Amino acid sequence: MKLGAFSISLSVKDIHRSKEFYEDLGFETLGGDIEQKWLVLKNDTTVIGLYQGMFEKNTLTFNPGWDHNAENLEEFTDVRDLQKMLKEKGVSLTKEADEETEGPAYLTLFDPDGNPILIDQHR
């Protein structure tokens, strides 16, 4: 099962302060909009998202269809197919993708320790 590019989505209190902090650690902006209070930063192959007011907790994020540079992959497993595989394994989902649609969709779940996981397909 290939979940796609991995990043950690951090729930931050002050996106400007967080951006400066992670830039001091060598991260550079890959995407996002600081005025909308979200940014994606990258250092080598490590990707983090900074989100002010969007997530309650830090969230493990997977993006089917993207590589670690947020560039489209030619082949990938659609989020709806991943959803079917997870359900077949008895994994409980907190939000399901509409299996009647195509393109962008997402699903959410929690690991056994309550850590949120987002599988977010953008294409």
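This tour moves through a predicted model, one selection at a time.

**The salt bridges**

Begin with the charged pairs: the structure holds three salt bridges.

Select Glu-23 and Lys-19 first. Both residues belong to helix α1 (residues 15-24), where they stand four residues apart, about one turn of the helix. They form a salt bridge whose closest N and O atoms are 2.6 Å apart. Glu-23 is partly exposed at 33% relative accessibility, and Lys-19 is likewise partly exposed, at 22%.

Next, select Arg-80 and Asp-78. Their salt bridge brings the closest N and O atoms to 2.8 Å. Arg-80 has a relative accessible area of 5%, so it counts as buried, the cut-off being under 20%. Asp-78, with 19%, is also buried.

Then select Glu-96 and Lys-87, which form a salt bridge with the closest N and O atoms 3.0 Å apart. Glu-96 is partly exposed at 37%, and Lys-87 is partly exposed at 38%.

**A buried lysine without a partner**

Turn now to Lys-42, in strand β3. Which side chain of opposite charge is nearest to Lys-42? It is Asp-67, 6.8 Å away; Lys-42 is buried yet has no salt bridge. A salt bridge requires the nitrogen and oxygen to lie within 4 Å. To view the surroundings of Lys-42, display the residues that it touches beyond four places in sequence, among them Phe-27, Leu-30, Val-47 and His-68.

**The loop after β3**

Finally, select Thr-45, in the loop between β3 (38-43) and β4 (46-51). Thr-45 is partly exposed, with a relative accessible area of 48%. Add Lys-2 to the selection: the C-alpha atoms of Thr-45 and Lys-2 are separated by 17 Å, and the two residues are 43 residues apart along the chain.

How values were computed: Residues are numbered from 1 along each chain as its sequence is written. This is a predicted model: local features need pLDDT of at least 70, side-chain atom pairs count only at pLDDT 80 or more; totals for chains, interfaces and linings use all residues. Side-chain values use heavy atoms; hydrogens and water are left out. Helices (H or I, at least four residues) and strands (E, at least two) are DSSP runs, numbered from the N terminus. Buried means under 20% relative accessible area, exposed over 50%, partly exposed in between (1.4 Å probe, protein chains only). Lys and Arg count as positive and Asp and Glu as negative; His and the chain ends are not counted. Contact means heavy atoms within 4.5 Å.
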